[in-house]
Every structure is written in structure tokens, then in C-alpha cells.
Amino acid sequence: MERRRVRLNINGVVCGLITGESEAYMQALADEVGDMMRQIMSASPFVTREAAALTTALSICDDCHKNAELAARLKERKEELEVEAELWQEEKVELLKSAVDTQKDAQLAEKAARLESENTRLEEHIQRLKEVVIQARAIEDENAALREAVKSAEEPSENELRLEAENRELTAKLAALEERLAQAKTVQAPTESASEDQPAQKPKPKPRRRRSNPIRDFPELEQEGLVSFFEKDKADNE
């Protein structure tokens with residue numbers, strides 16, 4: 001900093017100083033000191049210029065010490081405020097982090113609620129699938145029962161087999177009866193031809209001889225409702 005010589009006039013006293021400050025700044029200080037001296041001298045006519053100067057110097061020195069103490073307190077307060085600012089900054093970071101965590105917690109809660117809803121929907125779907133499986137098993141059991149019924153219906157029952165055997169037996173008996181009937185007719189034919197060669201005589205009424213029933217020896221046929229050839233002939237003649 002450049003140092004210069006400055007001449008100042010303080011309440012009629014001219015003094016020279018070497019300072020690095022500007023002349024205007026130093027003159028403003030000199031004017032302020034002169035005003036303070038004039039105020040002290042105007043308060044009492046017995047105060048000399050030297051006493052006023054000393055009083056002004058003491059006042060300025062007092063203000064300087066007080067201002068230094070104030071500056072120290074302000075500096076200390078400034079340091080405290082800086083520490084508090086750092087604490088507030090850390091707390092702000094924590095609050096922001098907590099806000100982010102809260103937002104994340106809200107997002108997680110929303111996601112958990114969505115997953116719970118999806119889980120409930122899946123459980124309902126699984127329950128419906130279980131019901132469908134139960135119905136499918138019931139239908140499969142019914143189909144198996146129907147297949148068994150159809151299979152049993154296709155196979156001849158014991159009663160049908162018995163009736164078929166009886167039918168074959170009756171057919172064989174009927175064939176045997178027809179054969180015996182044919183043999184009886186063959187035996188009767190020569191007897192009728194011999195009676196035609198004899199002279200005609202007045203026929204005598206003969207008691208009508210009842211023909212024997214060829215199936216009389218087979219009562220089971222009569223029970224089945226079969227009628228022999230002779231019974232049918234008798235019925236026609238009657």
C-alpha cells in the first residue's frame with residue numbers, strides 16, 4: 001500500500017501525518033474529532049482545547065475498546081452461528097434423507113398393498129381352480145361309472161344267458177316233436193290205403209277217440225304256452 005503525507009486541520013490545529021489511507025478518509029476522521037472537541041468545549045467555557053482533545057481521545061479510545069469487545073462477541077457469535085448452521089445443515093440433510101426414506105416407505109407401503117391385493121386375487125383364482133378340479137374329478141367319476149354301465153350293458157347278463165340256453169333247449173325239443181310227428185304220419189299212411197281196397201260198407205259211427213298229446217310228456221312246454229299239432233287240430237275241429 002502506498003504511504004503518503006497528509007495535512008489535517010483539527011479544530012484550528014494543523015498537523016501532518018504519513019498514512020496509507022486516502023486524504024479524504026483522513027480528513028473525514030479529523031472533522032469527526034473536531035466536532036467532538038467543539039461539543040465538549042461548548043458544554044463548559046472553562047474547558048480548554050487540550051482538555052477537550054484529551055476528552056475526545058478518551059471517548060474515541062473507549063468507543064474503540066467497546067467496539068473491539070463487541071467485535072469479539074460478534075465474532076464468537078458468528079462462530080456459534082456457523083456451528084449452528086453446520087448442525088442445521090446436517091439436520092437438513094437428515095430431514096431430507098428422512099423425507100426420502102418416508103417417500104420410499106410410502107412407495108413400499110403402496111407396493112405392499114398392491115402385492116397383497118394381487119395375492120388375494122391369486123388365492124381366489126386358486127380356489128376357483130380347486131373347485132374346477134373337484135368338478136372335473138366328479139365328472140370323471142361319473143364318466144367312469146357310465147363306461148362301466150355301458151360295458152355291463154354290452155355284456156350279456158346272467159338272465160339273458162339263461163333265457164338263451166332255455167330257448168335253444170326248447171328249439172331242440174320242438175325239432176324232436178316235429179320229427180316224431182312226421183314218423184307218426186308215415187305209419188298212418190299204409191293203414192288208410194288198405195281200408196280203401198275193401199268193399200264199401202256202411203260206416204258205423206265210432207266213438208271219437210281222442211288223440212294223444214305228443215307234448216303231454218313235456219309239461220314244461222305246456223307251461224311255456226306251446227300247443228302241439230294234435231291239440232291245434234282238435235281245437236280247429238271243435
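Okay, let's start with asparagine 11, which sits in the loop between strand E1, residues 4–10, and strand E2, residues 13–19. Keep in mind that this is a predicted model.

So, is asparagine 11 buried or exposed? Its relative accessibility comes out at 17%, so asparagine 11 counts as buried, given that the cut-off for buried is under 20%. And what does asparagine 11 touch, if we leave out residues up to four places away in sequence? The list reads Gly34, Met37, Arg38, Met41 and Arg49. If you have the structure open, click through those contacts of asparagine 11.

Right, on to the charged pairs. How many salt bridges does the structure hold? Nine. I'm going to walk you through some of them, beginning with arginine 77.

Arginine 77 makes a salt bridge with glutamate 80, and the closest N and O atoms there are 3.2 Å apart. Both arginine 77 and glutamate 80 lie in helix H2, which covers residues 49–154, and they are three residues apart, about one turn of the helix. In terms of accessibility, arginine 77 has a relative accessible area of 41%, so we call it partly exposed. Glutamate 80 is partly exposed too, at 37%.

Now, arginine 77 also forms a salt bridge with glutamate 84. For that pair, the closest N and O atoms are 4.0 Å apart. Glutamate 84 has a relative accessibility of 32%, and that makes it partly exposed. Put those pieces together and you get a network of salt bridges linking Arg77, Glu80 and Glu84.

One more pair to show you. Which residue does glutamate 82 form a salt bridge with? That would be lysine 78, with the closest N and O atoms 2.5 Å apart. Again we're in helix H2: glutamate 82 and lysine 78 both lie there, four residues apart, about one turn of the helix. Glutamate 82 has a relative accessible area of 38%, so it falls in the partly exposed class. Lysine 78 counts as partly exposed as well, at 47% relative accessibility.

To recap, then: asparagine 11 is buried in its loop, Arg77, Glu80 and Glu84 are linked through salt bridges, and glutamate 82 pairs with lysine 78 in helix H2. That's my bit, thanks.

Terms used. Residues are numbered from 1 along each chain as its sequence is written. This is a predicted model: local features need pLDDT of at least 70, side-chain atom pairs count only at pLDDT 80 or more; totals for chains, interfaces and linings use all residues. Side-chain values use heavy atoms; hydrogens and water are left out. Helices (H or I, at least four residues) and strands (E, at least two) are DSSP runs, numbered from the N terminus. Buried means under 20% relative accessible area, exposed over 50%, partly exposed in between (1.4 Å probe, protein chains only). Contact means heavy atoms within 4.5 Å. A salt bridge is a side-chain nitrogen of Lys or Arg within 4 Å of a carboxyl oxygen of Asp or Glu.
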